[in-house]
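Grab a viewer and work through these short exercises on a binding site. Try each task before you read its solution.

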Amino acid sequence: MKKIAKIVLATALAASLASAFAAEFQTRIIRFGYGLAEDSNQGHAVKAFAEDLAKRTGGKFKAKGFASASLGNDNQMQNALIGGAQEMTVVSTATLVGIDDSFGIYDLPFVFRTEQEADAILDGAFGKKLAAKLDAKGLVGLVYWENGFRNLTNSKRAITRLEDMQGVKLRVMQNPVYIDMFNGFGANAIPLAFSELFTALESKTVDGQENPVNTIQSSKFYEVQKYLTITKHVYSPWIVLVSKKWWDGLNADEKKAIQDAAVTSRDFERKDSREAGAKALDTLKQKGMQITVLSAKEAERLQDAARPAIAKFSANGHAELVKELQTELAKVRK
Ligand code: TK8
């Protein structure tokens with residue numbers, strides 16, 4: 001009898017060990033809010049994330065997308081994550097400057113020349129280190145998605161020279177680098193949440209805005225904006241965030257599943273974004289937008305006019321960070 005009891009005990013122990021090693025997932029609902037329409041790069045990639053995560057967790061993790069800032073604008077969602085009222089979001093890195101002003105680094109004009117350069121910096125040590133700074137603020141930064149190179153639209157006039165920006169009321173993100181940059185160009189920069197932008201353009205509270213062509217298309221800005229100038233003044237990333245409060249309650253398997261699904265969504269999103277971007281100009285033309293490509297000379301004048309905004313960011317305690325980015329970029333360009 002003693003022997004049998006021992007065997008039973010050993011079997012029970014082995015079984016419990018085995019189940020500890022097999023991935024364990026609790027049923028969890030993830031509210032994943034985002035600012036753009038459902039039919040946008042963000043919407044497509046949130047869906048891809050949810051599908052991939054469901055596969056990895058045997059259907060236990062259900063990520064539900066909330067489009068069009070229905071859970072709040074970028075800043076409001078960041079706060080909801082910090083408080084634990086929402087699990088996930090994707091926001092422009094530019095809107096994180098209230099939490100950590102080093103995120104203004106990505107907004108410096110004309111820093112990245114190509115998407116591939118941006119990928120290398122964002123996915124590499126530089127991007128990871130910056131994202132890790134959010135931990136102490138109650139946010140977990142998982143991966144960067146592509147918003148893309150930003151361009152200028154407005155309803156007043158075609159902008160073909162720097163002087164054409166004079167006095168144009170231009171919505172920018174709530175971020176000092178953008179305010180400095182566009183005021184430096186001679187525009188009248190007005191910081192406003194993206195969720196209020198369409199109405200502000202429609203009512204002519206502002207004349208223009210700047211965003212990548214995909215966003216101009218998916219947000220239907222062509223309905224209220226006639227002129228598009230290809231300026232590519234900033235390469236703008238999005239960052240996928242998780243509430244740290246919620247994250248800390250997950251086991252290692254659950255964390256890994258989310259991390260892996262986030263990487264899948266990143267690769268999906270960049271591909272989707274680049275494919276859509278290649279077609280967007282034709283679509284916007286068809287929708288009636290008049291498109292200006294800056295001459296090489298005007299593009300250079302724009303770059304010169306942008307330099308003080310970079311200098312100011314550097315002088316505001318970020319000289320080291322700017323240097324670090326330039327060093328990393330030089331390595332990538334080799
Ligand atoms: C969407 C924003 C948007 C950004 C902006 O919530 O605010 O202009 O480019 O993509 O994050």
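**Exercise 1.** Find out which residues surround the ligand in this predicted model, and sort them by class.

*Solution.* Start with the cut-off: a residue counts if one of its heavy atoms lies within 4 Å of the ligand. That gives you Gly35, Leu36, Asp74, Ser92, Asn147, Arg150, Arg171, Met173, Phe194, Asn211 and Trp238. Next, sort the shell by class: you get 4 nonpolar, 4 polar and 3 charged residues. Finally, check the domains: domain 1 (28–146 + 236–280) and domain 2 (151–234 + 286–333) each supply at least three residues of the shell.

**Exercise 2.** Look for side chains with a polar atom close to an oxygen atom of the ligand, using a limit of 3.5 Å, and then work out how much of the ligand the protein covers.

*Solution.* Take the side chains one by one. For Asn211, a polar side-chain atom sits 2.6 Å from a ligand oxygen. For Arg171, the distance from a side-chain N or O atom to an oxygen of the ligand is 2.7 Å. For Arg150, a polar atom of the side chain is 2.9 Å from a ligand oxygen. Now for the cover: on its own the ligand has 310 Å² of accessible area, and the protein covers 98% of that.

**Exercise 3.** Count the cavities of 30 Å³ or more, and say which one the ligand takes up.

*Solution.* The count is 2 cavities of 30 Å³ or more. The largest cavity holds about 230 Å³ of space. Its lining has 22 residues, and the closest to the centre are Asp74, Ser92, Arg171, Phe194 and Trp238. Now put the ligand back: the space it takes is this largest cavity.

Definitions and conventions. Residues numbered from 1 in each chain as written. Predicted model: local features only at pLDDT ≥ 70, side-chain atom pairs only at ≥ 80, totals over all residues. Heavy atoms only, no water. Polar contact = N/O pair within 3.5 Å; in protein donor to acceptor, adjacent residues only side chain to side chain. Areas by Shrake-Rupley, 256 points an atom, 1.4 Å probe, with all protein chains shown as cover. 1 Å grid on protein atoms, 1.4 Å probe; cavity = no way out; pocket = protein on both sides within 12 Å on 5 of 7 lines; lining within 4 Å. Sits in = over half its atoms within 2 Å of the grid points. Nonpolar A, V, L, I, M, F, W, Y, C, P; charged D, E, K, R; others polar. Domains from an automatic or database assignment. Points joined across faces, edges and corners; volume = space filled by probe spheres on them.
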